[in-house]
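Biologist: Could you take a close look at one part of this chain for me? I'd like to hear about the patch of positive charge on the surface, and how it fits with the rest.

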Amino acid sequence: MEGGWERARDISRRVARGAADAGRATARATKATATGTARAGKATAAGARKVGQATRRLTYANGAGRTGLGRLIELSAGNSASDAFVTVALASTVFFGVPVGEARGSVALYLVITMLPFALLAPFVGPILDRFRSGRRYVMAGTLFGRGLLCFAMAAAVGPGDLPTLFIGALGVLVLSKAYNVSRAAIMPSVLPADITLVSANARVALFTLVSAGVAVPVGAGLTAWLGSAVALRIAMVAFLLLGIVAVRLPRHVDSPDLEEEGAAPRWRTLLKVGATVAEAVWANVAIRVFSGFLLFFLLFLVQDAAVPWLSADDPAAADPFFDVTKTIALLAGAAGLGGLVGAAVANWTRNHSPQLIVLVTLAVTAVTTIAAAVFFGIWAALAISLITAFAQELGKLALDAIVQREIGEEVRSSTFGVVEAMLQLAWVFGGLVGLVLSLTQSSTAGLVALAVLLTAALGWLLVTRRRRVRAVRDRVHREHTRPETPSRPDPVDPTKPLTNPNA
């Protein structure tokens, strides 16, 4: 009996000892986990701090921190990331998902409904902004605060599926986003350092906005899939409100005084009044935007219908077993994104080159690439033309912005940018509709040849017009130099005034 009690006490002691050891092991594991988490947090914070410092050095380089360009770059990057959050959040809703897998009529209706109202409202944005040139910081802040409030309303409308609120809110976000871009482009000359050209400054802004949007899209997609569209919209709301405060704190010289005389009639900018240089750059960019919208939807539906050689079921020998529909669309999207980044980088590199020459070169490169792609169409030709088109669109737009900023006066610069943005948006939508129609032919050659002819004709017309303009200027200068000078008559002497010695 006593032996049984002793065995029981030994067992209980072992159990207690094991429990104590387990407790100590748990405590050590908890401490190690907490220590590891703390170290990981410190490492993450240190990495984020280093990334922030490196980013600040890049944005504030070449005197950009002194003039306010660095702050404007950071503000534009945050604006781009917030817009990307809104786009990703709305893409999963029932109304704003692009129906690429449905009939072409649904996509055409989507383009008209979502883009046409904005294109009709955009020309009115510029004149309104020109009226508030002395408070551009507050106008930019207002566009950010307004988008924050619209995100709050759309977040509340996601749950019940309130489609009118979602549509009106999305349209308002689109218009306010474009108003911000117009204001940002209009104030660029006032924050331009002496060591940076307008093309380089615009390129630096574009680089950071593209990178920030590229980072925000997967983050926003993950948050939307995990927490839902409403939460993503509320995060965008907070970001917009904070960015509005940053906009108010921009340097005061961003605001330009109102110099127009009181009672003067307001001036309205159209393409007939912007001058030959600006009009040439605008028409070249319109041609590139038409082709960009065409290429997006033309290739998208050819791939969806397996009407491309590497997906064709009619010719199994020509089909590529590696590339399917999903991989092809992903590769085309990646090529377009890379082309935009390369275009911004090249614009930053072409510091002292003429922006007029850059615009014409981008159109020429696009036309030549389209002809080559029509002749040698395949997966690599499709990737090349996607990359070149995005490259030309980004580089040409940056050069156009520099031309407008240089050639157009302060009093109507925002109006000019508003008209230009509306034309480019309409050109993109028109190109997309043409791409939808030509994709019905199921022939890649027919569509690319048609657009190659259009681009070549546009380039030829611009070159002929430019040559005539340069020749007219040379003739006028030649006539002025060869005109005989009429001898100037001496002033008559007034006999009533006494003669004075000029050397006295």
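Modeller: Here is a walk from the whole chain to the patch, and then to a spot in the interior for contrast. Keep in mind that this is a predicted model.

Let's start wide. The chain has 14 helices and zero strands, so if you read the elements from the N terminus on, you just get α over and over. Of its 504 residues, 44% count as buried. The chain exposes about 26500 Å², and carbon and sulfur atoms supply 65% of that area.

Now for your patch. Which residues gather there? They are Arg-467, Arg-468, Arg-471 and Arg-474, and together they make a patch of positive charge on the surface. Let's zoom in on one of them, Arg-468. You'll find Arg-468 in helix α14, which covers residues 444-482. Is Arg-468 buried or exposed? Arg-468 has a relative accessible area of 62%, and because the cut-off for exposed is over 50%, Arg-468 counts as exposed.

For contrast, try Leu-111, which sits in helix α4 (residues 104-130). Leu-111 has a relative accessible area of 1%. Buried means under 20%, so Leu-111 is buried. Leu-111 also has a partner from far along the chain: Phe-430 is 319 residues away in sequence, yet the C-alpha atoms of the two are separated by 9.2 Å.

Long sequence separations show up in the contacts of the chain too. Take the contacts with a separation of 6 or more: residues 24 or more positions apart account for 85% of them.

Key. Residues are numbered from 1 along each chain as its sequence is written. This is a predicted model: local features need pLDDT of at least 70, side-chain atom pairs count only at pLDDT 80 or more; totals for chains, interfaces and linings use all residues. Side-chain values use heavy atoms; hydrogens and water are left out. Patches are made of residues with over 30% relative accessible area and no salt bridge: like charges are joined within 9 Å, nonpolar side chains (Val, Leu, Ile, Met, Phe, Trp, Tyr) within 5 Å. Accessible areas come from the Shrake-Rupley method with a 1.4 Å probe; for residues, only the protein chains shown count as cover. A salt bridge is a side-chain nitrogen of Lys or Arg within 4 Å of a carboxyl oxygen of Asp or Glu. Lys and Arg count as positive and Asp and Glu as negative; His and the chain ends are not counted. The place of a charge is taken as NZ of Lys, CZ of Arg, CG of Asp or CD of Glu. Helices (H or I, at least four residues) and strands (E, at least two) are DSSP runs, numbered from the N terminus. Buried means under 20% relative accessible area, exposed over 50%, partly exposed in between (1.4 Å probe, protein chains only). Contact means heavy atoms within 4.5 Å.
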